[in-house]
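Let's take a quick tour of the inside of this chain. Have the model open as you read.

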Amino acid sequence: MKKIAIIGAGAAGCFCAAELRRMVPEARIDIYESGKKPLAKVAITGGGRCNLTNDFQGITSLAEAYPRGERLMRRALKEFDHNDTIEWFTRRGVPCTLQDDHCYFPVSQDAMDIVRTLLHGAKGADIHLSTRITAIRHESNYILTTQDGRTAEADIVVVTTGGSQKTNTILDSLGIKQVPPVPSLFTFRINDSVTSLMGTVVNANVALAGTTFRAEGPLLITDWGMSGPAILKLSSYAARYLNDNAYGATLLVNWAGSPEPSIREALEQHMTAQPQKQLRTTAPFSLPSRLWSHICARATLREDLRWAELGRKGLNRLAATISSDQYQINGRAAFRQEFVTAGGVPLTEISPRTFESTKHQGLFFAGEILDIDAVTGGFNLQAAWTTGHIVARSIASCK
């Protein structure tokens, strides 16, 4: 009987186990998890509702969703994509609903439905909790060592430990190179009066000065700085740059989400249409009034100024502030506990068809341990389902 060890009881590990139980029911499967609970991260993702995938509509290039791993994911998604994910969970009694933001959630809006379904699918596998694997040796088979010195043997090992540098040192003895992981989805700390507008949400374009990194979408002002999908996407695209330059980098915010010429034209129309109205009481671009007052102050325009008094210089300052407002980033803030990293096992170290190591037969990788990561919106979990499925299929096909 084939003995399979899965290291990590997260999304990729448990999905792989569930697929192995379906494809290779006779196999002996052991799942080793260093934490006290399986699928702890899945239970809190999406604010406890579990954004389990995305419909990929509006994604013109897969690199928009997967800043790292786009080419491999393009191939992998042909085998198991978001439609397969929805069918998989629906068939097991978890109907899903599509929101306007292209994100899929269980109809129940309860992440525990996803957790219970995955654990039921993996039923028959032995889950060893609070058991950290500290080393792997490859001899005639694989020998795993736990934190208390115990050992276990396996014919096949699937590593799904996520992106932690601490847990991934287990690969050192196998000669597996790794790209050092860095945080990928995080919010920005900004020490500026804009934080007094906490709770304000606006659709905006954001960028990092002096780079080509750009993103767009809802921006949320918080009591520590800025967050929301636009900021999270930008942090993902620029993960390695921000790891080295988070303190002191300049964030550029286009509050209107439009090119400066269009912004200037709209302001000129306001000057013509309502010359006697006070500037700060008539916000253009559907901007919240408090945010509009903040923008006017940053453009150094007095509070009682009327549109007719704006003048050419005032118009230029206002258009520049709306289109390219500047804020110094004072560091990153974690995005709750839904921690994603960029880095891991380089894709050159695995077979793109099977996700098996090119150095060790019977050693597979799935999920965030690979140098694949995505923007927010269900794409990271889709990568976990897809890679977990492919590994299970690969193991089943070589039985």
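What follows covers the cores and then a couple of buried residues.

## Ground rules

This is a predicted model, where local features need pLDDT of at least 70, side-chain atom pairs count only at pLDDT 80 or more, and totals for chains, interfaces and linings use all residues. Residues are numbered from 1 along each chain as its sequence is written, and side-chain values use heavy atoms, with hydrogens and water left out.

## The cores

The largest nonpolar core (buried Ala, Val, Leu, Ile, Met, Phe, Trp, Tyr and Cys residues joined through side-chain atoms within 4.5 Å; buried is under 20% relative accessible area with a 1.4 Å probe, protein chains only) has 79 residues. Tyr66, Val157, Phe365 and Trp385 touch the most other members. Helix 11, residues 379-397, gives the largest share, ten residues (helices are DSSP runs of H or I, at least four residues; strands are runs of E, at least two; both are numbered from the N terminus).

Apart from this core sits another of 42 residues, including Phe186 and Leu242.

## Isoleucine 372

Isoleucine 372 sits in the loop between strand 20 (363-365) and helix 11, buried at 5% relative accessible area. Leaving out residues up to four places away in sequence, its contacts (heavy atoms within 4.5 Å) include Tyr66, Leu347 and Ala383.

## Asparagine 254

Asparagine 254 belongs to strand 16 (residues 247-254) and is buried too, at 10%. Its side chain reaches the backbone nitrogen of alanine 256 at 3.1 Å, and a polar atom of that side chain lies 2.7 Å from the backbone oxygen of serine 258.

Definitions and conventions: Buried < 20%, exposed > 50% of the residue type's maximum accessible area, 1.4 Å probe, protein only. Polar contact = N/O pair within 3.5 Å; in protein donor to acceptor, adjacent residues only side chain to side chain.
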